[in-house]
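Q: Could you take me through one part of this protein up close? I'd like to look at a sheet, strand by strand, and then see what lies around it.

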Amino acid sequence: MRFAFRIVPYEGREVHPLQNSLKDIVAQVLSTNDIVDVISAHLQLKSAGGLRFKGLCPFHSEKTPSFSVDRGRQAYYCFGCEKHGDAITFLREHNGLNFREALEELANRAGIQLPAFSGGGKSSDGQRAELLEWGKTAAAYYRDQLASPAKGAPAREYIKGRGLASETVKRFGLGFAPEGYGNLTGYARSKGVSKALLESSGLAKRGDRGLYDTFRNRVTFPIKDVTGNLVAFGGRDLGDSPAKYINSPESPVYKKSRVLYGLFEARDTLRKKNHAFLVEGYFDLLRCFDAGIENVVATCGTAVTPEQGKLIKRYVPECVVVFDGDAAGTKAALRAIGILTGVGLTVRALALPDGNDPDDYIKAHGAEAFLALADDAPDFITFYVRMSASRTGTIEGRTAVARELFEIVAEFEDGLRRDEYIKQLADGLGLETHSCLREFTRFLEERANRQEWQSDEPAYDGAPIEICREDRDFVAILMGDAALLDKAKEELSKLDLGEGALRDVLNALFSGGGISVIDTEEGKMLFASSANMELDVKHPDEIVKERIVSCKRETLRRQSNRLMEEIANAERSGDIDSVLKLVQEKHRLDQEIDRSRN
Ligand SMILES: [Zn+2]
């Protein structure tokens, strides 16, 4: 895959995009982010002397720190669970990001404008960056309007009436789009934002007389994607518009189905909890955060999608769907349950009493009462059966509900858990447990037959990687001693080091590169574990000397083995002269190998 680096065009001149390889860009992003800073944002690190830091591992539970970060090598390694890597790996594993998202987050941190990945063509790469930049500008404009003494007064009054702490309002960057059709549009013009960009951002629409503001007389909510890019806005009407809430339309940076409101802010807390709350509205989410409940995400007016479910599942295994207990809310909750279990989440459903939404409920009863209700929220089967009460009066109705639940239960991979759910649904519907289990087995078989024709090859999970201790000590010594590294480089860089982790790591060290220039997982692991180990050896120079000798011997042995093959080939073709020459050569090599042993 390649990136297209786009130089910001000036004065309308077309600039040819400079092609940079992915590796260069990754190296640039990594070199402008210190891994210690990146990791410190998520956990507490203490100095362990020199460039080394230690902390409690975020990937396994422990009481004494075995998670080690090396500033010099820009790598981390856990001696407990062996998780390891560079800043990108850390963000992927810790924040549940994919490669691109992790790279983007690091680039954002360092203030680098990352060229977008190709795929949409170069022009859309450039447009993406421009749209994200314009989104930030527009958010700042809306915030200024909210703060403006006269203009912003009604919006400030409204927000005050909702009873949110000013920190929450600030943290989520709420703003105000004033009454009128040309406010933001005029501002954009004054900033030199092109009409095309303004229109494709969705913040202005095209009418008979040109572009006009999409958001008018509304409180605005910036919507971020999982890496914190500002991709869209939501707006709450302050007048008498029939649409109380509106969202930005989809744009090159905003795909509704892939964004959850609040996820960026909830990320860190989600990782520490085992469940997420899924609520519907902006104020529901803001109220939760305001009350100190930060493992919450919101859908904001759109039905839950599988993509959103997968986003949640990156962080937690369980989702509590919170909704107001009216008919529409219940219907939406039932639908959400099917989708969320479909991506492998355990789902519970929390219907708030008296048609309250989370905002009302927490405002009236407090966070503790809400969390107590959540603790008692029924699992999806109980909930589903309860909500299908109108149909369960007849046998036909009951079996129909059972079959709908089969579809959901079948999505779980754990067989024991499935059986438990089936027993539970039989119980709840007043059906016979054994016949339910039998029916479910038949249902699974039919389903498997259907899927056999559609399935892909299962992904191969490689065997666990083991690090050779001698290799690790050797590399750690070289990393800690420039003179020994020079010596090793001088002796070894011309040798044939065969294949494997050690060769990859030595090549990286000899070329002055870091962990990011190593391609293999084995190599990365050896590098990270060596960089982070506390070395305690008496005579490092002896170890290096021995290792150099054994590397040389290995090289000779490989040469000897190759000669053996050549001799066999020459014999087969009857080339006696060559055979004699090769045998002599091999004899010389073998003697050299013997000598190197003493
Ligand atoms: Zn660990």
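A: Let's start with an open sheet of four strands, in the order E8-E11-E12-E13, with antiparallel pairing. Strands (E, at least two residues) and helices (H or I, at least four residues) are DSSP runs, numbered from the N terminus, and two strands pair if DSSP finds at least two bridges between them. In general, strands of a sheet pair through backbone hydrogen bonds, either parallel or antiparallel.

At the edges stand strand E8 (175-177) and E13; each has a single partner strand, so one side of each is left without a neighbour in the sheet. From one strand to the next, the twist averages 35°. Angles run from 0 to 180 degrees between N-to-C directions, and axes are lines fitted to C-alpha atoms, for helices over the stretch in contact.

Now zoom in on E8 and E11: they run antiparallel and are joined by three bridges. Phe176, for example, has Val219 in E11 as its bridge partner.

Before we zoom out, a word on the model. It's a predicted one, where local features need pLDDT of at least 70 and side-chain atom pairs count only at pLDDT 80 or more, while totals for chains, interfaces and linings use all residues. Residues are numbered from 1 along each chain as its sequence is written.

So where does the sheet's neighbourhood fit in? The protein is divided into domain 1 (2-113), domain 2 (121-253), domain 3 (258-377), domain 4 (386-448) and domain 5 (475-597); these bounds come from an automatic or database domain assignment. The centres of domain 2 and domain 3, taken over C-alpha atoms, are 25 Å apart. Their contact takes 18 residues from domain 2 and 14 residues from domain 3, where two residues are in contact if their C-beta atoms, placed from the backbone, lie within 7 Å.

Here our strands come back. On the side of domain 2 that touches domain 3, the elements giving two or more residues are helix H7 (166-171), strand E11 (218-224), strand E12 (230-237) and strand E13 (245-247). Sorted by class, that side has eight nonpolar, five polar and five charged residues. For the classes, Ala, Val, Leu, Ile, Met, Phe, Trp, Tyr, Cys and Pro count as nonpolar, Asp, Glu, Lys and Arg as charged, and the others, Gly among them, as polar.
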